[in-house]
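Reader: I would like to go through the disulfides. Please justify each label as we go.

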Amino acid sequence: MRRQGPIGSRPHVGTLSIALLAATLTALALAGPAAAAPAPIESFDGSGSPAGSMSPTWLSVDEANGDVYVIDSANDAVDIFAENPGVDPAHPLGYEYVGQLLGSSTTAGSFSFGGVDDIAVDNSSNPATQGDVYVNSESAGKIFAFDPSQPPAERFLWESPGVESPDVCGVAVDAAGNPWLSDFNQGPQKLDPVTGSFVERPFGAFAYCHMAFDSSGNFLLNLYQGDIWKFSSEGTPQSTYRPSGHRRDVAVDITTNDVYAAPEGEPIRKWTATGLASESETFGSESVGVTVDAAHERLFATNGSEVTVYTTFEPVLAIQKTGPGNGRVRCEFQSSLGPCAGAYSLNGEVTLSADPAPHSFFSGWTVDGDASTCSGTGSCTLTLEADTTVEADFGVFEHTFSVATEGPGSGSVEIEPFAIECEALCSGEYAEGEYIALHAIAKPHSEFSNWSGACSGASTYCEIESLEADTEVTASFGPAHQPLVISTSGTGAVSCDTGTGPEACAPSYLDGTEVALSANPSAASTFTGWSGACAGTGSCQLTMDGPKNRFQKEGPAA
C-alpha cells in the first residue's frame with residue numbers, strides 16, 4: 001500500500017483580532033537590502049498539447065524531477081511539462097508537453113477553472129505523499145488530489161468536501177506533506193492527505209487567497225488588496241510585504257526564503273528573507289502565477305499565453321589573495337563600490353580593483369586559474385556566468401641590505417629575525433618595511449669599536465626600524481684592551497715598562513703587550529713580594545692576553 005494513513009491533527013489556536021493583526025504586522029516589518037533579480041533563460045507554451053495551445057494561469061513544480069504542472073484554464077486541464085534539452089536550439093532547456101490531469105477524471109467531472117485557482121505539488125520528504133498534486137478550483141469550491149505516478153485512469157485520489165469552504169482560492173503543502181487550502185473568508189485549513197477531510201484551522205484571517213510556506217513552516221498569505229502577510233505556524237504575525245497590485249500569486253524559495261509575488265498590473269517582485277516591507281526588486285513583466293523550484297534554482301511565471309523560466313542561481317564571487325604582499329580588492333557592482341563578497345546576479349557585470357598595502361604592490365589577476373582573462377594590473381571587469389574565483393597577487397618591494405665588518409680586530413654581526421651570523425660581508429634582498437636588529441660580537445682578543453653607515457655609536461646593538469631603501473652597515477672591530485689592576489699594602493709604588501722606560505702603570509694595555517712591573521718601596525718600607533699573577537720578590541714580566549690582577553706586598557723598613 002502506498003498510503004500510510006492520516007497524519008495527526010494539531011490543537012486549534014484562537015483567532016486574532018483584525019486591529020491587533022494589522023498593528024503587529026506593521027511593527028514587525030523586516031529590514032535588509034533588496035536582492036538581485038532572476039534572469040530569464042527559457043519560455044514555453046502549450047503548442048505540444050492536444051489542444052495545440054493553452055491559457056496558463058497558476059502553476060507548481062515537482063522539485064524531485066523538475067516537472068512543471070500548469071493550470072490550463074481554457075481546456076479545463078492541468079498540463080504537464082518535462083525538461084528535454086536539445087530538442088529545439090531556440091529553447092535550450094527544451095520543456096515539452098508530456099501529459100495532462102483532466103477535470104473530467106474527477107468525481108465532480110470538471111475543474112471548472114476560471115476563478116482564482118491554484119495548484120501545489122507535494123515537495124516534502126514524506127514518502128507517502130511526495131509528488132502528489134493538489135488542484136484548487138475556486139468555482140468548484142474544492143481541492144482535487146492526484147498521484148501522477150499512477151496510470152492515468154488511477155491518478156485521481158479525492159476531492160475535498162465543500163461545505164466548510166465556500167470560497168476556496170489557494171492551496172499549498174507544508175514540510176510534513178499536509179495539504180492546506182486557503183479560504184477567502186475563513187482562513188487556512190489543513191486537510192488530511194489521505195481523505196481530504198478537514199483537520200485543523202490554526203487561526204482566522206480574511207480576504208486572502210494564494211499561500212505558501214517557507215522553510216521554517218511560516219505561512220505567506222496573499223491579501224486581496226495586495227499585501228502579503230507572514231504568520232508563524234501558530235498564527236503569530238511576523239512581517240508584511242507590499243506589492244501595489246492585488247490578488248495574484250505568491251511563492252517562496254525554501255532554500256533562501258526569498259519571497260516572490262505576481263501583483264496585478266506590475267512586474268514580478270522579489271523580497272529577500274530580511275527585506276524591508278516597502279522595498280523589493282522587480283523583474284520580468286506582469287504575470288498571473290509564480291512558483292519556485294529551489295532544487296534546480298529556477299522560477300516559473302505565467303502571463304496567460306506562455307510560461308517564462310527564470311534562474312534564481314546567483315553566482316558566488318570568491319576573492320583569494322596570493323603572493324607575499326598585502327592589499328585589498330574592491331568591487332563596483334550596479335554603480336556601487338565596496339568590498340567583494342557573496343552572491344551576484346547571473347550575468348551581472350562586476351569590476352574589481354586592487355589597492356596594495358604600504359610596502360606592497362599589485363602584480364596581477366588570475367580568474368579561475370587563467371591569467372589571461374584580466375591581463376595587467378589595472379581593474380578587472382567580469383560578467384558572472386558561474387561561480388568565479390579570482391586570485392589577486394600582491395608582491396612586496398625589496399631593498400638590498402648589506403653588512404660588513406672591518407678593522408684590525410675581528411668579529412661578526414648577528415642579523416635578526418633571520419638568524420644570520422655575518423663575517424666580512426653579507427648582502428641580501430629584504431622586504432620593504434622590514435624590521436632588522438643587529439648585534440656585534442667580537443672575537444677573542446678583539447673588541448667592538450663602532451658602527452658606520454645606517455648605524456652609529458659604540459653600542460653593540462643597532463636597530464633598523466623599517467627598511468625603506470638600499471642600506472649598508474659596517475661594524476668596526478679593534479684589538480682588545482686588557483685591564484691591569486695593581487693593589488699595594490704599606491707604602492710604595494709600582495712602575496711599568498713596555499720598552500720605553502719605567503712609567504706609571506696604565507689601567508689597561510692592548511692585548512698581547514709585554515709589560516715589566518717594578519716595585520718601588522718608600523724609604524720607610526721594604527718590598528716583600530708579589531701575589532696574583534707574579535710571585536717572589538724579583539721583577540714581574542706580564543703578557544697582557546687577558547685581565548691581570550697584581551698585588552705588591554710591602555713591609556716596614558729594615
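Author: Start with Cys455 and Cys462, in this predicted model. Their sulfur atoms lie 1.8 Å apart and form a disulfide.

Reader: Why is the pair Cys455 and Cys462 called a disulfide?

Author: The cut-off is a sulfur pair within 2.5 Å. Cys455 and Cys462 have theirs 1.8 Å apart, so the pair qualifies.

Reader: What makes the disulfide of Cys455 and Cys462 left-handed or right-handed?

Author: The torsion about its S-S bond is about -80°, so the disulfide of Cys455 and Cys462 is left-handed. Both cysteines, Cys455 and Cys462, are buried.

Reader: How do you know that Cys496 and Cys505 form a disulfide?

Author: Their sulfur atoms are 1.8 Å apart. The limit is 2.5 Å, so Cys496 and Cys505 count. The torsion about their S-S bond is about 95°, so this disulfide is right-handed.

Reader: Why is Cys496 called buried?

Author: Buried means under 20% relative accessible area. Cys496 has 1%, so Cys496 is buried.

Reader: And why is Cys505 called partly exposed?

Author: Partly exposed lies between the 20% and 50% limits. Cys505 has 24% relative accessibility, so the label fits.

Reader: What joins Cys422 to Cys426?

Author: A disulfide, with an S to S distance of 2.1 Å. That is within 2.5 Å, so the pair Cys422 and Cys426 meets the definition. The torsion about the S-S bond is about 115°, so the disulfide of Cys422 and Cys426 is right-handed. Cys422 has a relative accessible area of 0%, so Cys422 is buried.

Reader: How many disulfides does a search of the whole structure find?

Author: Seven.

Methods
Residues numbered from 1 in each chain as written. Predicted model: local features only at pLDDT ≥ 70, side-chain atom pairs only at ≥ 80, totals over all residues. Heavy atoms only, no water. Buried < 20%, exposed > 50% of the residue type's maximum accessible area, 1.4 Å probe, protein only.
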